[in-house]
Amino acid sequence: MNHSSVAISASILAADFARLGEQVREAELAGVDRLHLDVMDGHFVPNLSLGPAVVASLRPWTKLPMEVHLMVSEPWHFLEAFAQAGADYLLVHVEVPEAPQRCLPAIRQLGKKAGLVLNPDTPAEAVSAWLTQVDLVLVMSVYPGFSGQSFLPQALSKLRHLRAQIDQLQLSCDLEIDGGINEETAPRAVQAGANVVAAASAIFRHPQGIAAGIARLRQVIVGMRT
Ligand code: DX5
Ligand code: ZN
C-alpha cells in the first residue's frame, strides 16, 4: 500500500462543542482529509451525541467530506435528514438487523457514499456479502459510545482479512479504522491494511493543539515508508 495515500479523518466527538465550527476549520487548515461525525441514540450505544442540525450547521464551515457514523438502532429513519444536512458518507452498523438491505441502496439513491461498520466482536465475514455494494468499511477498534478508549488489537487481524478480500476482488472501497488511534496505533492499523484512520482524542485533545495532533499522525504514517 502507498502510505502517502492514507487519509486522516477527524472525529469531532472529542472537540469543544461550543466552538465546533472554529475547531473544524482549524483541522481543515492543518490538512486533515475528512471529518467523522458520531451519531448516537442512547440505545444502540449507551451515549447521546448529535443530530442532523449539527451537521447542517457545520456544512458552511468546511469543504471537507463529512462521514456520518450512525450508531443508532433504526438508521433508515435518518438517512435522508443527514443527506440533506450535507453528509457525504453515511455509515451504518452491520449488527443492526436489516441495516445493509434497507440502508445501502437507500444511501446510494440519495447520491451519497455508503459504508458498513463492524463492532469489535463482529467477524469480518459479516460484511463479505456486501463488499461490492459499499464505498467504505469501518472497523471499530473500541466498543462504540465514547472517545478516549484504548485500541483493541484484535482489530488488526480483521483489517488484514478485509484488506486481502478487498484487494482480491479489486474493489476500490475504503478500509477505515476507528477507536483509540494515536501515533502508536495508527501505523499498526495502516500496516494491517487501513487506508483511512479516524481519530478524536489524538487530534482534538492533543496537548499542543489540533494542528499538532494532525501533523503528528501524518508524520508517523508517512514515516512508515522508511
Ligand atoms: C466511538 C466513535 C469514535 C470515537 C473515537 O464510538 O465511533 O469515532 O470518537 O475516539 P478516539 O479517537 O478518542 O478513540
Ligand atoms: Zn466513529
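These legends walk through several close-up views of a predicted model.

**View 1. Eight parallel strands close into a barrel.**
Start with the overall frame, following the strands in the order S1-S2-S3-S4-S5-S6-S7-S8. From one strand to the next, the twist averages 25°. On this sheet packs helix H8, residues 210-222, which touches strand S1 (7-11) and strand S8 (196-199). The direction of H8 makes about 150° with that of S1.

**View 2. Four protein residues donate to the zinc ion (ligand 2).**
Here you can pick out His36 through NE2, Asp38 through OD, His69 through ND1 and Asp178 through OD. These protein donors lie 2.1 to 2.3 Å from the zinc ion. Along the sequence, the donor residues follow the spacing H-x1-D-x30-H-x108-D. Asp38 belongs to strand S2 (residues 34-40) and His69 to strand S3, so this pair ties together parts that are 31 residues apart in sequence. Why is the arrangement around the zinc ion (ligand 2) octahedral? Its six donor atoms subtend angles of 71 to 169°, which makes it so.

**View 3. Two of the zinc donors, Asp38 and His69, seen in their surroundings.**
Are these two residues buried or exposed? Asp38 has a relative accessible area of 6% and is buried, because the cut-off for buried is under 20%. His69 is buried too, with a relative accessibility of 0%. His69 also has a place in the strand pairing, with Leu91 of S4 as its bridge partner. The two strands in this pairing, S3 (residues 66-71) and S4 (residues 89-93), run parallel and are joined by four bridges.

**View 4. Leu70 sits in strand S3 and is buried.**
The relative accessible area of Leu70 is 1%. Which residues is Leu70 in contact with, leaving aside its neighbours within four places in sequence? They are Val39, Pro75, Leu79, Phe82, Leu91, Val92 and His93. For a sense of scale, pan across to Arg160: Leu70 and Arg160 are 24 Å apart in space, C-alpha to C-alpha, and 90 residues apart in sequence.

**View 5. Strand S5 pairs with S4 and with S6.**
Five bridges link S4 and S5 in the parallel sense, and His93 has Val117 as its bridge partner in S5. Between these strands the chain passes through helix H4 (residues 99-109), making a right-handed β-α-β crossover. With strand S6 (residues 136-140), S5 pairs in the parallel sense over four bridges. Val117 turns up here again, standing opposite Leu138 in S6. Five of the six residues of S5 (residues 113-118) are buried, so the strand is largely enclosed by the rest of the structure. If you are wondering what holds such pairings together, strands of a sheet pair through backbone hydrogen bonds.

**View 6. Asn119 lies in the loop between S5 and S6.**
Although Asn119 is in a loop, it counts as buried, at 14% relative accessibility. What does Asn119 touch, not counting residues up to four places away in sequence? Its contacts are Phe44, His93, Glu95, Met140, Pro144 and Lys158. You have met one of them already: His93 is also in contact with Leu70 and is the bridge partner of Val117.

Methods. Residues numbered from 1 in each chain as written. Chains lettered and ligands numbered in written order. Predicted model: local features only at pLDDT ≥ 70, side-chain atom pairs only at ≥ 80, totals over all residues. Heavy atoms only, no water. Pairing = 2+ DSSP bridges. Axes fitted to C-alpha atoms, helices over the stretch in contact; angles between N-to-C directions. Contact = heavy atoms within 4.5 Å. Donors = N, O, S within 2.8 Å, 3.2 Å for Na, K, Ca; no water. Tetrahedral: all angles 85-135°; square planar, octahedral: opposite > 155°, others 65-115°. Buried < 20%, exposed > 50% of the residue type's maximum accessible area, 1.4 Å probe, protein only. Right-handed = clockwise from strand over helix to strand, strands pointing away.
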